[in-house]
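Open the model in a viewer and keep the sequence panel beside it. The stops below go from the whole chain to one helix and then to one loop residue.

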Amino acid sequence: MYKLIAIDVDDTLLTDELTVTDGTRRAMEAAIAAGVTVTLATGRMFASAQQIARQIELNVPIITYQGALVKTLLDGQVLYERNVPTDAALALHEYCVKHGLHLQLYVDDELYGTEDNDRIKAYSRLSNIPYRIEPDFDKLITKPLNKMLIIDDPARLDAIALELDPLIGDRVHITKSKAHYLEFMHKEGTKGHALRFMAEHLGCSMEQTIAMGDAWNDREMIQAAGLGVAMANGIDALKEIADYVTLSNNEEGVRHVIEKFILEPAKQH
């Protein structure tokens, strides 16, 4: 019997209209009633993920910043946290300045950019989070950072990732959450690390976990989970390594998995 389900937010739990369907919400409630811990595992910052978790009335620790921060919803207790190593943060910042790249920092669960441009505005709208402008990132770069993010054209980001790997790849985890978002976390700031932490925290084995996602940043948790699920709308590389491919985010793929693997087997016992 599965005891822990970790669900990615964007393009997985949420429809393209950024809502959780009533059917999915009911399935999650039924799973929780059956004694399963249902949590979110998102690249979003805690303040943004918290809004979604409240909508579906979760009261558990949630996995945010790709796994760099696991924090309880009600009392905001930090259970697991990994920050970008300062030397790597400095090197990345220097690289971005040199190449004129749009870099965002996350300090104390606040979003920062150096200029008020379309990229940070669009990001802010999507995550439903305000942002701050600090033209001088030297003031922030040595503070604890859960995550750093570059927004650019997808093909350009792929090239940047290859260039940065020999520079800082030994110290940071580099991944993509969306085609135009390149993200940088601590090596142990992955959804896979956070899922293992959560399982241990709850006292269940990895075989008793389910992880669901659509993008490359979900890879580590899908490989780590007892049942790794890719969404029909997910990237092909993820579907290839998943144990199961469910329906799309607009067809209640999350609900389908909960019913098939949790609610139906429970009825048979």
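Start with the whole protein chain: buried residues make up 54% of its 269 residues. This is a predicted model. Colour by secondary structure and ten helices and 14 strands should appear. Along the principal axes, the C-alpha atoms fill a box of roughly 60 × 40 × 35 Å. The radius of gyration is 18 Å, which agrees with the value near 18 Å that a compact globule of 269 residues would have.

Now show the surface. About 11700 Å² of the protein chain is exposed, and carbon and sulfur atoms supply 48% of that area. Switch to contacts: of those with a separation of 6 or more, 56% are between residues 24 or more positions apart.

**Helix α2**

Select residues 22–33, which form helix α2. The helix has twelve residues, and the distance from its first C-alpha to its last is 16 Å, close to the 16 Å expected at 1.5 Å a residue.

Which residues of α2 are buried? Highlight G23, T24, A27, M28 and A31. Turn the view until you look down the axis of α2: these buried residues fall within an arc of 135°, so they line one face of the helix.

To see what that face meets, add β1 (4–7), α1 (9–13), β2 (37–40) and α10 (253–268) to the selection; the buried residues of α2 pack against these elements. Then rotate to the face of α2 turned away from its buried side, where the exposed residues D22, R26 and A33 are found.

Before leaving this region, step just past the end of α2 to G35. Its phi is positive, at about 90°.

**Residue D152**

Next, select D152, in the loop that runs between β9 (145–151) and α6 (154–168). Is D152 buried or exposed? Its relative accessibility is 8%, under the 20% cut-off, so D152 counts as buried.

Show side chains here. Those of D152 and R156 are joined by a polar contact of 2.9 Å.

Finally, display the surroundings of D152, leaving aside neighbours within four places in sequence. What is D152 in contact with? The residues to label are L101, R119, L157 and H180. With these labelled and R156 still shown, the view holds both the contacts of D152 and its polar partner.

Key
Residues numbered from 1 in each chain as written. Predicted model: local features only at pLDDT ≥ 70, side-chain atom pairs only at ≥ 80, totals over all residues. Heavy atoms only, no water. Helix = DSSP H or I, 4+ residues; strand = E, 2+ residues; numbered from the N terminus. Expected span 1.5 Å × (residues − 1). Buried < 20%, exposed > 50% of the residue type's maximum accessible area, 1.4 Å probe, protein only. Arc of directions from axis to C-beta. Contact = heavy atoms within 4.5 Å. Rg over C-alpha atoms; globule rule 2.2 N^0.38 Å. Areas by Shrake-Rupley, 256 points an atom, 1.4 Å probe, with all protein chains shown as cover. Polar contact = N/O pair within 3.5 Å; in protein donor to acceptor, adjacent residues only side chain to side chain.
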